[in-house]
Amino acid sequence: MTKIIAYDSTLRDGAQAQGISFSVEDKLKIVQKLDELGIGYIEAGNPGSNPKDLEFFERVGGLQLKNAKIIAFGSTRKVGINAAEDKNLQSLLRANTAAVAIFGKSWDYQVTHILRTTLEENMAMIGDTIRFLKQQGKEVVFDAEHFFDGYKANAEYAMQSLQAAAEAGADVLCLCDTNGGTFPDEIFTVTQKVIARFKVQVGIHCHNDCEMAVANSVAAVQAGAVQVQGTINGIGERCGNANLCSIIPNLQLKLGLSCIPAENMAHLTSAARFVNEVANVTFNDKAPYVGNDAFSHKGGMHIDAVSKNPISYEHISPEQVGNVRHILVSEVAGRSALLAKINAVDPTLNKDSPDTKRILDHLKALEHEGYQFESAESSFELLIYKLLGRHKPFFGLAEYQVVIHEPAKNGVNSTATIKIAVDGTEETTDADGDGPVNALDNAMRKALERFYPAIKEIKLTDYKVRVLDSDKATAAKVRVLIESTDQKESWTTIGVSTDVIDASWRALTDSVEYKLMRDSL
Ligand SMILES: [Zn+2]
(Lines give C-alpha, C1' and ligand atoms only; values in the text may rest on other atoms or scores of the structure.)
Protein backbone atom coordinates (compact mmCIF):
# COMPACT_ATOMS: atom_id res chain seq x y z
CA MET A 1 0.00 0.00 0.00
CA THR A 2 1.31 3.46 -0.87
CA LYS A 3 2.12 5.39 2.27
CA ILE A 4 0.71 8.90 2.47
CA ILE A 5 1.92 11.06 5.32
CA ALA A 6 -0.93 12.66 7.23
CA TYR A 7 0.35 16.06 8.37
CA ASP A 8 -1.76 17.82 10.95
CA SER A 9 -1.68 21.59 11.40
CA THR A 10 -4.55 22.00 13.86
CA LEU A 11 -2.23 23.52 16.45
CA ARG A 12 -0.64 26.00 14.03
CA ASP A 13 -2.86 26.88 11.06
CA GLY A 14 -5.98 25.70 12.90
CA ALA A 15 -5.12 27.87 15.88
CA GLN A 16 -5.42 30.91 13.61
CA ALA A 17 -9.18 30.37 13.31
CA GLN A 18 -11.50 32.93 14.84
CA GLY A 19 -12.42 32.01 18.39
CA ILE A 20 -9.74 29.33 18.80
CA SER A 21 -7.09 29.62 21.43
CA PHE A 22 -5.14 26.66 22.73
CA SER A 23 -3.33 26.71 26.05
CA VAL A 24 -0.06 24.82 26.36
CA GLU A 25 -1.95 22.08 28.22
CA ASP A 26 -4.55 21.88 25.45
CA LYS A 27 -1.83 21.51 22.84
CA LEU A 28 -0.09 18.73 24.73
CA LYS A 29 -3.38 16.84 25.09
CA ILE A 30 -4.11 17.19 21.38
CA VAL A 31 -0.61 16.04 20.42
CA GLN A 32 -1.10 12.89 22.45
CA LYS A 33 -4.47 12.22 20.91
CA LEU A 34 -3.19 12.73 17.35
CA ASP A 35 -0.18 10.54 18.06
CA GLU A 36 -2.49 7.78 19.29
CA LEU A 37 -4.51 8.16 16.10
CA GLY A 38 -1.32 7.62 14.10
CA ILE A 39 -0.81 11.05 12.52
CA GLY A 40 2.70 11.17 11.05
CA TYR A 41 3.57 14.85 11.44
CA ILE A 42 2.14 17.41 13.83
CA GLU A 43 2.88 21.03 13.02
CA ALA A 44 2.54 22.45 16.47
CA GLY A 45 3.34 26.14 16.38
CA ASN A 46 5.45 29.05 15.38
CA PRO A 47 7.98 29.77 18.13
CA GLY A 48 9.11 32.95 16.36
CA SER A 49 5.72 34.62 16.38
CA ASN A 50 4.35 33.21 19.61
CA PRO A 51 6.46 32.98 22.79
CA LYS A 52 3.84 30.69 24.41
CA ASP A 53 4.87 28.12 21.81
CA LEU A 54 8.41 27.90 23.16
CA GLU A 55 7.11 26.61 26.48
CA PHE A 56 5.06 24.09 24.55
CA PHE A 57 8.09 22.87 22.58
CA GLU A 58 10.08 22.48 25.78
CA ARG A 59 7.39 20.29 27.28
CA VAL A 60 6.42 18.30 24.19
CA GLY A 61 9.98 16.96 24.08
CA GLY A 62 9.16 15.05 27.25
CA LEU A 63 6.25 13.11 25.71
CA GLN A 64 6.87 9.59 24.46
CA LEU A 65 5.29 9.71 21.02
CA LYS A 66 4.72 6.51 19.05
CA ASN A 67 3.89 7.83 15.58
CA ALA A 68 4.14 11.59 15.30
CA LYS A 69 7.04 13.83 14.47
CA ILE A 70 6.66 17.32 15.88
CA ILE A 71 7.22 20.19 13.48
CA ALA A 72 8.06 23.79 14.34
CA PHE A 73 6.87 26.29 11.76
CA GLY A 74 8.50 29.49 10.58
CA SER A 75 9.18 31.66 7.56
CA THR A 76 12.17 32.27 5.30
CA ARG A 77 14.75 34.73 6.64
CA LYS A 78 14.01 38.44 6.53
CA VAL A 79 15.03 40.54 3.53
CA GLY A 80 18.71 41.49 3.37
CA ILE A 81 20.17 39.60 6.35
CA ASN A 82 21.99 36.32 6.94
CA ALA A 83 19.82 33.35 7.86
CA ALA A 84 21.95 32.77 10.97
CA GLU A 85 21.15 36.29 12.22
CA ASP A 86 17.42 35.98 11.77
CA LYS A 87 15.68 36.10 15.17
CA ASN A 88 12.73 33.99 14.02
CA LEU A 89 14.99 31.28 12.69
CA GLN A 90 16.87 31.30 15.99
CA SER A 91 13.59 30.78 17.84
CA LEU A 92 12.71 28.03 15.41
CA LEU A 93 15.92 26.21 16.31
CA ARG A 94 15.24 26.68 20.01
CA ALA A 95 12.06 24.61 19.54
CA ASN A 96 14.52 21.74 19.22
CA THR A 97 12.47 19.60 16.84
CA ALA A 98 13.92 17.14 14.35
CA ALA A 99 11.81 18.62 11.57
CA VAL A 100 10.74 22.14 10.63
CA ALA A 101 8.40 23.67 8.07
CA ILE A 102 9.36 26.89 6.33
CA PHE A 103 6.99 28.94 4.26
CA GLY A 104 8.22 31.10 1.44
CA LYS A 105 6.77 33.06 -1.43
CA SER A 106 6.21 31.44 -4.79
CA TRP A 107 3.95 34.08 -6.34
CA ASP A 108 5.86 36.95 -7.96
CA TYR A 109 3.14 39.48 -7.10
CA GLN A 110 3.41 38.63 -3.38
CA VAL A 111 7.18 39.14 -3.58
CA THR A 112 7.14 42.53 -5.27
CA HIS A 113 3.95 43.98 -3.74
CA ILE A 114 3.55 42.43 -0.28
CA LEU A 115 7.09 41.47 0.71
CA ARG A 116 8.37 44.44 -1.37
CA THR A 117 11.65 42.98 -2.42
CA THR A 118 13.16 41.76 -5.67
CA LEU A 119 12.35 38.44 -7.27
CA GLU A 120 16.04 37.46 -6.92
CA GLU A 121 16.21 38.28 -3.21
CA ASN A 122 13.16 36.08 -2.56
CA MET A 123 14.92 33.15 -4.23
CA ALA A 124 18.00 33.80 -2.10
CA MET A 125 15.81 33.93 1.03
CA ILE A 126 14.35 30.50 0.26
CA GLY A 127 17.72 28.94 -0.59
CA ASP A 128 19.68 30.48 2.32
CA THR A 129 17.05 29.58 4.90
CA ILE A 130 16.78 25.96 3.86
CA ARG A 131 20.55 25.51 3.52
CA PHE A 132 21.02 26.98 6.98
CA LEU A 133 18.43 24.64 8.50
CA LYS A 134 19.87 21.62 6.70
CA GLN A 135 23.30 22.52 8.11
CA GLN A 136 21.67 22.35 11.56
CA GLY A 137 20.59 18.79 10.74
CA LYS A 138 16.87 19.51 10.34
CA GLU A 139 14.40 17.73 8.15
CA VAL A 140 12.81 20.58 6.16
CA VAL A 141 9.34 20.87 4.66
CA PHE A 142 9.10 23.84 2.28
CA ASP A 143 5.60 25.32 2.16
CA ALA A 144 5.31 27.15 -1.16
CA GLU A 145 2.79 29.79 -0.16
CA HIS A 146 0.20 30.78 -2.80
CA PHE A 147 1.78 28.20 -5.10
CA PHE A 148 -1.26 27.66 -7.32
CA ASP A 149 -2.11 31.36 -7.67
CA GLY A 150 1.57 31.98 -8.33
CA TYR A 151 1.63 29.26 -10.93
CA LYS A 152 -1.29 30.85 -12.76
CA ALA A 153 0.37 34.26 -12.72
CA ASN A 154 3.94 33.20 -13.53
CA ALA A 155 4.45 29.47 -13.78
CA GLU A 156 8.19 29.66 -14.27
CA TYR A 157 8.75 31.83 -11.20
CA ALA A 158 6.60 29.53 -9.05
CA MET A 159 8.60 26.53 -10.30
CA GLN A 160 11.88 28.38 -9.60
CA SER A 161 10.87 28.87 -5.97
CA LEU A 162 10.54 25.08 -5.68
CA GLN A 163 13.84 24.70 -7.51
CA ALA A 164 15.56 26.99 -4.99
CA ALA A 165 14.13 24.93 -2.12
CA ALA A 166 15.01 21.59 -3.72
CA GLU A 167 18.58 22.65 -4.50
CA ALA A 168 19.04 23.84 -0.93
CA GLY A 169 18.04 20.38 0.28
CA ALA A 170 14.33 20.61 1.19
CA ASP A 171 12.93 17.18 2.01
CA VAL A 172 9.36 17.96 0.98
CA LEU A 173 7.98 20.58 -1.41
CA CYS A 174 4.51 21.39 -0.18
CA LEU A 175 2.21 23.14 -2.64
CA CYS A 176 -0.18 25.53 -0.88
CA ASP A 177 -3.56 26.71 -2.10
CA THR A 178 -3.33 29.50 0.44
CA ASN A 179 -6.39 31.44 -0.71
CA GLY A 180 -8.47 28.31 -1.24
CA GLY A 181 -9.64 29.40 -4.67
CA THR A 182 -8.31 26.59 -6.85
CA PHE A 183 -10.37 23.74 -8.34
CA PRO A 184 -9.48 20.01 -8.20
CA ASP A 185 -8.66 19.68 -11.90
CA GLU A 186 -6.16 22.55 -11.72
CA ILE A 187 -4.63 21.12 -8.56
CA PHE A 188 -4.27 17.75 -10.24
CA THR A 189 -2.62 19.08 -13.40
CA VAL A 190 -0.21 21.46 -11.66
CA THR A 191 0.78 18.90 -9.03
CA GLN A 192 1.53 16.40 -11.79
CA LYS A 193 3.80 18.94 -13.50
CA VAL A 194 5.69 19.56 -10.26
CA ILE A 195 6.13 15.85 -9.66
CA ALA A 196 7.44 15.34 -13.20
CA ARG A 197 10.07 18.03 -12.64
CA PHE A 198 11.39 17.30 -9.13
CA LYS A 199 12.72 14.19 -7.46
CA VAL A 200 11.79 15.56 -4.03
CA GLN A 201 8.60 14.39 -2.29
CA VAL A 202 5.61 16.65 -2.86
CA GLY A 203 2.97 17.68 -0.31
CA ILE A 204 -0.35 19.52 -0.53
CA HIS A 205 -1.85 22.20 1.76
CA CYS A 206 -5.36 23.40 0.94
CA HIS A 207 -7.84 25.89 2.32
CA ASN A 208 -11.58 25.55 2.06
CA ASP A 209 -12.75 28.87 0.61
CA CYS A 210 -14.54 27.16 -2.31
CA GLU A 211 -15.45 24.12 -0.19
CA MET A 212 -12.97 22.20 -2.32
CA ALA A 213 -10.19 21.64 0.22
CA VAL A 214 -10.85 17.93 0.71
CA ALA A 215 -11.41 17.30 -3.02
CA ASN A 216 -8.28 19.32 -3.83
CA SER A 217 -6.15 17.39 -1.34
CA VAL A 218 -7.38 14.08 -2.71
CA ALA A 219 -6.74 15.26 -6.29
CA ALA A 220 -3.16 16.18 -5.39
CA VAL A 221 -2.59 12.76 -3.87
CA GLN A 222 -4.05 11.15 -6.99
CA ALA A 223 -1.53 13.20 -8.98
CA GLY A 224 1.28 11.81 -6.84
CA ALA A 225 1.61 13.99 -3.71
CA VAL A 226 2.68 11.91 -0.71
CA GLN A 227 2.18 14.34 2.16
CA VAL A 228 -1.23 15.79 2.87
CA GLN A 229 -1.62 18.69 5.25
CA GLY A 230 -4.84 19.59 6.99
CA THR A 231 -6.52 20.05 10.34
CA ILE A 232 -8.88 18.01 12.48
CA ASN A 233 -12.48 18.90 11.54
CA GLY A 234 -11.10 21.46 9.10
CA ILE A 235 -10.56 24.02 11.86
CA GLY A 236 -8.86 27.06 10.37
CA GLU A 237 -9.21 30.73 9.55
CA ARG A 238 -11.87 31.99 7.12
CA CYS A 239 -13.64 28.86 5.82
CA GLY A 240 -11.10 26.52 7.35
CA ASN A 241 -8.33 24.17 6.27
CA ALA A 242 -8.61 20.85 4.49
CA ASN A 243 -10.37 18.47 6.88
CA LEU A 244 -8.17 15.50 7.75
CA CYS A 245 -11.16 13.69 9.25
CA SER A 246 -12.55 13.37 5.72
CA ILE A 247 -9.26 13.15 3.82
CA ILE A 248 -7.84 10.27 5.85
CA PRO A 249 -10.82 7.90 5.39
CA ASN A 250 -11.19 9.02 1.76
CA LEU A 251 -7.60 8.07 1.01
CA GLN A 252 -7.51 4.98 3.13
CA LEU A 253 -10.98 3.45 2.81
CA LYS A 254 -11.80 4.59 -0.71
CA LEU A 255 -8.44 4.72 -2.51
CA GLY A 256 -6.63 1.99 -0.62
CA LEU A 257 -3.74 4.24 0.43
CA SER A 258 -2.29 4.13 3.91
CA CYS A 259 -2.35 7.27 6.10
CA ILE A 260 -2.72 5.96 9.62
CA PRO A 261 -2.38 2.41 10.98
CA ALA A 262 -5.48 0.49 9.80
CA GLU A 263 -6.42 -0.54 13.33
CA ASN A 264 -6.57 3.14 14.36
CA MET A 265 -9.22 4.15 11.84
CA ALA A 266 -11.85 3.22 14.42
CA HIS A 267 -10.48 5.99 16.69
CA LEU A 268 -11.14 8.71 14.12
CA THR A 269 -14.55 9.78 15.44
CA SER A 270 -13.42 10.02 19.04
CA ALA A 271 -10.28 11.95 18.05
CA ALA A 272 -12.39 14.40 16.02
CA ARG A 273 -14.74 15.00 18.93
CA PHE A 274 -11.91 15.25 21.41
CA VAL A 275 -10.21 18.03 19.46
CA ASN A 276 -13.40 20.06 19.14
CA GLU A 277 -14.08 19.58 22.81
CA VAL A 278 -10.64 20.91 23.74
CA ALA A 279 -10.98 23.72 21.18
CA ASN A 280 -14.42 24.46 22.66
CA VAL A 281 -16.04 24.41 19.23
CA THR A 282 -19.52 23.00 18.66
CA PHE A 283 -19.26 19.77 16.76
CA ASN A 284 -20.74 19.74 13.26
CA ASP A 285 -23.38 17.01 13.32
CA LYS A 286 -23.36 16.91 9.54
CA ALA A 287 -19.62 16.22 9.26
CA PRO A 288 -18.96 13.29 6.89
CA TYR A 289 -17.65 10.12 8.55
CA VAL A 290 -17.43 11.49 12.10
CA GLY A 291 -20.60 13.61 12.53
CA ASN A 292 -23.53 12.53 14.67
CA ASP A 293 -25.79 12.46 11.63
CA ALA A 294 -23.35 10.75 9.27
CA PHE A 295 -25.07 7.41 9.86
CA SER A 296 -28.46 8.55 11.16
CA HIS A 297 -31.63 7.33 9.53
CA LYS A 298 -35.04 8.77 10.05
CA GLY A 299 -37.51 8.11 7.23
CA GLY A 300 -39.41 4.84 7.76
CA MET A 301 -38.49 3.35 4.41
CA HIS A 302 -34.80 4.15 4.80
CA ILE A 303 -34.76 2.62 8.23
CA ASP A 304 -36.49 -0.49 7.00
CA ALA A 305 -33.92 -0.83 4.22
CA VAL A 306 -30.95 -0.14 6.52
CA SER A 307 -32.14 -2.74 9.01
CA LYS A 308 -32.36 -5.28 6.18
CA ASN A 309 -28.93 -4.34 4.84
CA PRO A 310 -26.98 -1.24 5.94
CA ILE A 311 -25.34 -0.78 2.53
CA SER A 312 -28.71 0.38 1.19
CA TYR A 313 -28.15 3.86 2.66
CA GLU A 314 -24.59 3.81 4.05
CA HIS A 315 -21.43 4.16 1.95
CA ILE A 316 -19.26 2.52 4.63
CA SER A 317 -20.12 0.92 7.92
CA PRO A 318 -19.95 3.43 10.78
CA GLU A 319 -17.78 1.12 12.91
CA GLN A 320 -14.93 1.51 10.42
CA VAL A 321 -14.41 5.10 11.58
CA GLY A 322 -15.61 4.56 15.13
CA ASN A 323 -18.98 6.17 14.56
CA VAL A 324 -22.36 4.61 15.31
CA ARG A 325 -25.57 4.15 13.40
CA HIS A 326 -28.49 6.13 14.76
CA ILE A 327 -32.02 5.09 14.09
CA LEU A 328 -33.98 8.21 14.89
CA VAL A 329 -37.02 7.69 16.97
CA SER A 330 -40.29 9.29 16.01
CA GLU A 331 -43.72 8.36 14.77
CA VAL A 332 -42.42 9.01 11.24
CA ALA A 333 -39.71 6.44 11.76
CA GLY A 334 -42.19 3.61 11.66
CA ARG A 335 -42.27 0.43 13.61
CA SER A 336 -39.07 -1.17 12.37
CA ALA A 337 -36.98 1.75 13.65
CA LEU A 338 -38.60 1.60 17.04
CA LEU A 339 -38.31 -2.12 17.14
CA ALA A 340 -34.56 -1.83 16.52
CA LYS A 341 -34.32 0.42 19.58
CA ILE A 342 -36.48 -1.86 21.67
CA ASN A 343 -34.52 -4.91 20.55
CA ALA A 344 -31.31 -3.29 21.71
CA VAL A 345 -32.80 -3.57 25.22
CA ASP A 346 -34.73 -6.82 24.79
CA PRO A 347 -33.98 -8.87 21.66
CA THR A 348 -36.88 -11.26 22.34
CA LEU A 349 -39.60 -8.69 21.61
CA ASN A 350 -41.10 -8.52 18.13
CA LYS A 351 -43.44 -6.04 16.49
CA ASP A 352 -46.54 -7.86 17.72
CA SER A 353 -45.45 -8.24 21.34
CA PRO A 354 -47.76 -6.51 23.83
CA ASP A 355 -44.71 -4.75 25.37
CA THR A 356 -43.80 -3.29 21.99
CA LYS A 357 -47.33 -1.97 21.55
CA ARG A 358 -47.29 -0.49 25.05
CA ILE A 359 -44.00 1.33 24.34
CA LEU A 360 -45.33 2.66 21.03
CA ASP A 361 -48.54 3.93 22.63
CA HIS A 362 -46.53 5.61 25.34
CA LEU A 363 -44.24 7.19 22.76
CA LYS A 364 -47.21 8.56 20.83
CA ALA A 365 -48.68 10.07 23.98
CA LEU A 366 -45.38 11.72 24.86
CA GLU A 367 -44.90 13.08 21.34
CA HIS A 368 -48.37 14.55 21.62
CA GLU A 369 -47.26 16.30 24.82
CA GLY A 370 -44.31 17.84 22.97
CA TYR A 371 -41.55 15.31 23.50
CA GLN A 372 -39.41 14.64 20.47
CA PHE A 373 -37.02 11.77 20.87
CA GLU A 374 -35.13 11.85 17.61
CA SER A 375 -32.66 14.28 19.10
CA ALA A 376 -32.87 12.76 22.57
CA GLU A 377 -32.28 9.08 22.03
CA SER A 378 -30.84 8.60 25.48
CA SER A 379 -34.09 9.64 27.14
CA PHE A 380 -35.89 7.22 24.85
CA GLU A 381 -33.55 4.38 25.73
CA LEU A 382 -34.08 5.11 29.40
CA LEU A 383 -37.84 5.16 28.79
CA ILE A 384 -37.72 1.68 27.23
CA TYR A 385 -35.84 0.35 30.23
CA LYS A 386 -38.40 1.95 32.55
CA LEU A 387 -41.43 0.67 30.64
CA LEU A 388 -40.00 -2.84 30.55
CA GLY A 389 -39.48 -2.68 34.30
CA ARG A 390 -35.74 -2.99 33.95
CA HIS A 391 -34.72 0.33 35.38
CA LYS A 392 -34.41 0.90 39.07
CA PRO A 393 -34.05 4.66 39.62
CA PHE A 394 -30.68 5.57 41.13
CA PHE A 395 -32.22 8.25 43.30
CA GLY A 396 -35.54 9.76 44.24
CA LEU A 397 -36.41 13.41 44.60
CA ALA A 398 -38.13 14.49 47.79
CA GLU A 399 -38.22 18.19 46.88
CA TYR A 400 -36.30 21.07 45.43
CA GLN A 401 -36.54 24.80 45.88
CA VAL A 402 -34.96 27.48 43.74
CA VAL A 403 -34.54 31.08 44.82
CA ILE A 404 -33.57 33.79 42.36
CA HIS A 405 -32.04 36.94 43.76
CA GLU A 406 -31.37 40.01 41.66
CA PRO A 407 -29.11 41.91 41.36
CA ALA A 408 -26.60 39.07 41.00
CA LYS A 409 -23.47 38.93 43.15
CA ASN A 410 -20.29 37.82 41.30
CA GLY A 411 -22.32 36.36 38.45
CA VAL A 412 -24.40 34.26 40.85
CA ASN A 413 -28.08 35.02 41.14
CA SER A 414 -29.68 31.74 42.13
CA THR A 415 -29.59 29.24 44.96
CA ALA A 416 -31.12 25.77 44.79
CA THR A 417 -31.87 23.51 47.74
CA ILE A 418 -32.51 19.88 47.01
CA LYS A 419 -33.55 16.87 49.06
CA ILE A 420 -32.95 13.45 47.50
CA ALA A 421 -32.95 9.87 48.73
CA VAL A 422 -30.70 7.02 47.67
CA ASP A 423 -31.69 3.59 49.04
CA GLY A 424 -33.45 5.19 51.99
CA THR A 425 -30.59 7.55 52.86
CA GLU A 426 -31.63 11.18 52.58
CA GLU A 427 -29.34 13.99 51.55
CA THR A 428 -30.09 17.70 51.57
CA THR A 429 -27.75 20.16 49.93
CA ASP A 430 -27.80 23.60 48.44
CA ALA A 431 -25.70 25.23 45.77
CA ASP A 432 -25.44 28.56 44.00
CA GLY A 433 -25.47 29.04 40.27
CA ASP A 434 -25.55 31.41 37.39
CA GLY A 435 -29.29 31.12 36.79
CA PRO A 436 -31.80 28.75 38.39
CA VAL A 437 -31.04 25.75 36.15
CA ASN A 438 -27.32 26.00 36.80
CA ALA A 439 -28.00 26.21 40.57
CA LEU A 440 -30.26 23.18 40.39
CA ASP A 441 -27.69 21.22 38.39
CA ASN A 442 -24.97 22.12 40.89
CA ALA A 443 -27.12 21.15 43.88
CA MET A 444 -28.13 17.82 42.35
CA ARG A 445 -24.52 16.91 41.59
CA LYS A 446 -23.41 17.91 45.06
CA ALA A 447 -26.14 15.78 46.64
CA LEU A 448 -25.43 12.73 44.49
CA GLU A 449 -21.64 12.79 44.33
CA ARG A 450 -21.14 11.03 47.66
CA PHE A 451 -23.29 8.12 46.41
CA TYR A 452 -22.09 8.10 42.80
CA PRO A 453 -18.60 9.60 42.34
CA ALA A 454 -18.83 8.95 38.55
CA ILE A 455 -21.16 11.95 38.35
CA LYS A 456 -18.05 14.16 38.46
CA GLU A 457 -17.25 12.91 34.92
CA ILE A 458 -20.43 14.39 33.46
CA LYS A 459 -20.08 17.70 31.70
CA LEU A 460 -23.03 19.52 30.15
CA THR A 461 -22.04 20.57 26.66
CA ASP A 462 -25.27 22.04 25.33
CA TYR A 463 -28.56 23.33 26.68
CA LYS A 464 -31.39 24.23 24.32
CA VAL A 465 -34.81 25.58 25.15
CA ARG A 466 -37.63 25.70 22.65
CA VAL A 467 -41.06 27.19 23.24
CA LEU A 468 -43.69 24.81 21.86
CA ASP A 469 -47.05 26.57 21.76
CA SER A 470 -45.93 30.15 21.59
CA ASP A 471 -49.48 31.52 21.24
CA LYS A 472 -49.95 30.72 24.93
CA ALA A 473 -47.17 33.23 25.73
CA THR A 474 -45.72 32.73 29.22
CA ALA A 475 -47.99 29.74 29.87
CA ALA A 476 -46.56 27.94 26.84
CA LYS A 477 -44.87 24.58 27.07
CA VAL A 478 -41.13 24.41 26.72
CA ARG A 479 -38.92 21.61 25.51
CA VAL A 480 -35.43 21.43 27.00
CA LEU A 481 -32.67 19.40 25.40
CA ILE A 482 -29.48 18.79 27.31
CA GLU A 483 -26.35 17.31 25.81
CA SER A 484 -23.87 15.75 28.21
CA THR A 485 -20.53 14.04 27.86
CA ASP A 486 -18.18 12.00 30.02
CA GLN A 487 -15.30 12.15 27.46
CA LYS A 488 -16.09 8.59 26.34
CA GLU A 489 -19.58 9.19 25.05
CA SER A 490 -22.06 12.00 24.60
CA TRP A 491 -25.80 11.73 25.07
CA THR A 492 -28.84 13.95 24.80
CA THR A 493 -31.86 13.99 27.08
CA ILE A 494 -35.16 15.82 27.02
CA GLY A 495 -37.72 17.35 29.34
CA VAL A 496 -41.06 18.99 28.53
CA SER A 497 -43.14 21.10 30.88
CA THR A 498 -44.97 24.39 31.13
CA ASP A 499 -42.22 25.41 33.55
CA VAL A 500 -38.71 25.81 32.19
CA ILE A 501 -37.11 24.79 35.49
CA ASP A 502 -39.21 21.63 35.69
CA ALA A 503 -38.45 20.77 32.04
CA SER A 504 -34.75 21.31 32.76
CA TRP A 505 -34.95 19.18 35.87
CA ARG A 506 -36.45 16.30 33.86
CA ALA A 507 -33.71 16.52 31.24
CA LEU A 508 -31.01 16.81 33.94
CA THR A 509 -32.21 13.78 35.89
CA ASP A 510 -32.45 11.75 32.69
CA SER A 511 -28.87 12.71 31.89
CA VAL A 512 -27.62 11.51 35.28
CA GLU A 513 -29.79 8.38 35.26
CA TYR A 514 -28.59 7.55 31.76
CA LYS A 515 -24.94 7.88 32.70
CA LEU A 516 -25.34 5.74 35.81
CA MET A 517 -27.36 3.16 33.91
CA ARG A 518 -24.73 2.88 31.16
CA ASP A 519 -21.97 2.57 33.72
CA SER A 520 -23.86 -0.24 35.46
CA LEU A 521 -24.55 -2.31 32.31
ZN1 LIG B 1 -2.61 27.45 5.56
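**Zinc site, sheets and aromatic pairs**

With a relative accessibility of 4%, D13 counts as buried (buried is under 20% relative accessible area, exposed over 50% and partly exposed in between, with a 1.4 Å probe and protein chains only). H207 also sits at 4% relative accessibility and so counts as buried. The model is a predicted one, in which local features need pLDDT of at least 70 and side-chain atom pairs count only at pLDDT 80 or more, while totals for chains, interfaces and linings use all residues. Residues are numbered from 1 along each chain as its sequence is written, and side-chain values use heavy atoms, leaving out hydrogens and water.

D13 and H207 both belong to the zinc site. Coordination of the zinc ion comes from D13 through OD, and from H205 and H207 through NE2, at 2.0 to 2.1 Å (donors are N, O and S atoms within 2.8 Å of the metal, or 3.2 Å for Na, K and Ca; water is not among the atoms, so sites may look incomplete). Along the chain, the spacing of these donors reads D-x191-H-x1-H. D13 and H207 tie together distant parts of the chain, 194 residues apart: D13 lies in the loop between β1 (5-8) and α1 (24-37), and H207 in the loop between β7 (201-206) and α9 (213-223). Helices (H or I, at least four residues) and strands (E, at least two) are DSSP runs numbered from the N terminus.

Now for β3 and its neighbours. Strand β3 (residues 69-75) is mostly covered, with five of its seven residues buried. On one pairing, β3 runs parallel to strand β2 (residues 41-45), joined by four bridges (strands pair if DSSP finds at least two bridges between them), and E43 stands opposite I71 of β3. Helix α2 (residues 51-60) completes a right-handed β-α-β unit with β2 and β3 (right-handed: with the strands pointing away from the viewer, the path from the first strand over the helix to the second runs clockwise). β3 also pairs with strand β4 (residues 99-105), again in the parallel sense, over five bridges; here A72 has V100 in β4 as its bridge partner. Helix α3 (residues 87-94) sits between β3 and β4 in another right-handed β-α-β unit.

Further along, three strands make an open antiparallel sheet in the order β14-β15-β16. Its edges are β14 (459-467) and β16 (490-497), each pairing on one side only. From one strand to the next, the twist averages 15 degrees (axes are lines fitted to C-alpha atoms, and angles run from 0 to 180 degrees between N-to-C directions). Eight bridges hold β14 and strand β15 (residues 478-485) in their antiparallel pairing, and V465 has V480 of β15 as its bridge partner.

Helix α7 (residues 155-168) has buried residues that include Y157, A158, M159 and S161. After α7 comes G169, with a positive phi near 110 degrees.

As for aromatics, the structure holds eleven pairs (Phe, Tyr and Trp rings, the six-membered one for Trp, with centres within 6.5 Å; planes under 30 degrees apart are stacked, over 60 edge-to-face and the rest tilted). F147 and Y151 make a tilted pair, 6.1 Å centre to centre with 40 degrees between the planes. Both are in helix α6 (residues 147-153), four residues apart, or about one turn of the helix, and both are buried. Another tilted pair joins Y400 and W505, at 5.2 Å centre to centre and 50 degrees between the planes. This one links distant parts of the chain, 105 residues apart: Y400 is in strand β11 (residues 396-409) and W505 in helix α17 (residues 500-520). Y400 is partly exposed, at 23% relative accessible area, whereas W505 is buried at 8%. Back in the α6 region, F147, F148 and Y151 form one aromatic cluster.
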